[in-house]
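Here are some short exercises on charged side chains and how they pair up. Take a look at the model, then work through each solution step by step.

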Amino acid sequence: MNLRDLHYLIAVADLRSFVQAADRCCISQPTLSTQIKKLEDELGIQIFERTNKKVLPTELGEQIVASARRILKEQDNIKELAATAQDPLAGNLRFGAFPTLATYLFPPLVPLIKKDLPRIRLILVEEKTEQLLQQLRSGQMDCALLALPIYEDFLESQALFDDEFLLAVADGHPLAAKPQVESDDLNGEHLLLLDEGHCLRGHALQICQTIGADEEQDLRATSLETLRQMVRAGTGITFMPRIAVRDEPGLRYLPFAEPAPSRSIGMVWRKTSARGELIRRLSGLVQDAAKDI
């Protein structure tokens with residue numbers, strides 16, 4: 001068994017086809033089939049079920065393919081460790097953030113990264129918090145911006161900035177004329193919130209519980225931009241993080257009386273990461289970008 005065979009295994013498992021897997025691996029289909037059969041004979045097990053129409057991993061085959069992925073990931077980690085030792089501010093950087101932050105922070109941040117870290121090949125990922133944590137856990141992600149606190153033993157985190165919440169209302173709403181929102185102003189109100197899976201939804205629900213407001217049960221949005229337009233149309237009111245506030249006709253953003261609700265944004269990375277210097281530089285750039293929004 002060698003690393004080349006593991007690449008073949010994963011290609012067949014991904015594509016469910018020896019022909020397509022051979023194309024991906026740039027070898028002939030008979031050669032790939034022969035290598036897979038040799039590996040099965042060596043292990044004394046069947047890894048794939050074969051018919052004229054499809055190829056499927058056996059139950060044990062699924063476990064072997066999963067192990068192969070981990071082994072090849074470790075191989076990549078070894079290469080990255082060596083590359084980082086030679087130049088810690090170069091190479092691929094897989095950097096993630098959740099949607100209600102990435103949309104507004106990435107545009108001012110990317111030019112700063114290109115200027116300050118020119119040898120970095122930046123790979124940006126916009127995903128919900130749970131997916132980002134999973135990718136950090138599996139090694140697919142180097143670091144991510146998340147709402148703190150994060151309770152994961154394998155992660156380190158550093159708070160970078162606080163993102164204050166404002167109340168978004170239409171110009172014609174009764175609250176629009178107020179200079180700021182008191183908690184009593186929202187007692188009994190029904191607020192528009194994001195759909196399940198968004199961390200901002202969790203923050204908004206916590207605020208609702210504190211001030212005695214409720215969620216609008218019949219309407220939910222998949223993005224902050226959809227929420228913004230629903231508010232603008234007079235459908236309801238919502239919480240808007242300051243980082244996402246944009247001047248737009250028909251909308252008012254009202255600050256809350258102190259202590260104003262907010263979310264803490266931080267950089268998160270694996271404790272075992274060898275990219276500490278790069279992550280520290282990146283954290284400083286994030287803070288700079290947030291100040292300019």
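Buried means under 20% relative accessible area, exposed means over 50%, and partly exposed lies in between (1.4 Å probe, protein chains only). This is a predicted model, where local features need pLDDT of at least 70, side-chain atom pairs count only at pLDDT 80 or more, and totals for chains, interfaces and linings use all residues. Residues are numbered from 1 along each chain as its sequence is written, and side-chain values use heavy atoms, with hydrogens and water left out.

**Exercise 1.** Find the salt bridges of Asp 14, and place the partners in the fold.

Step 1. A salt bridge is a side-chain nitrogen of Lys or Arg within 4 Å of a carboxyl oxygen of Asp or Glu. The count by this rule is 14.

Step 2. Arg 24 and Asp 14 pair at 3.2 Å, N to O. Arg 24 sits in helix α2 (residues 18–25) and Asp 14 in helix α1 (residues 3–15), 10 residues apart; helices here are DSSP runs of H or I, at least four residues, and strands are runs of E, at least two, numbered from the N terminus.

Step 3. Asp 14 also bridges to Arg 69, at 2.6 Å. Arg 69 belongs to helix α4 (residues 59–86), 55 residues from Asp 14.

Step 4. Arg 69 is partly exposed, at 38%.

**Exercise 2.** Is Glu 40 buried or exposed?

Step 1. Glu 40 forms a salt bridge with Arg 50, with the closest N and O atoms 2.8 Å apart. Glu 40 lies in helix α3 (residues 29–43), and Arg 50 in strand β1 (residues 48–50).

Step 2. Glu 40 counts as buried because its relative accessibility is 4%.
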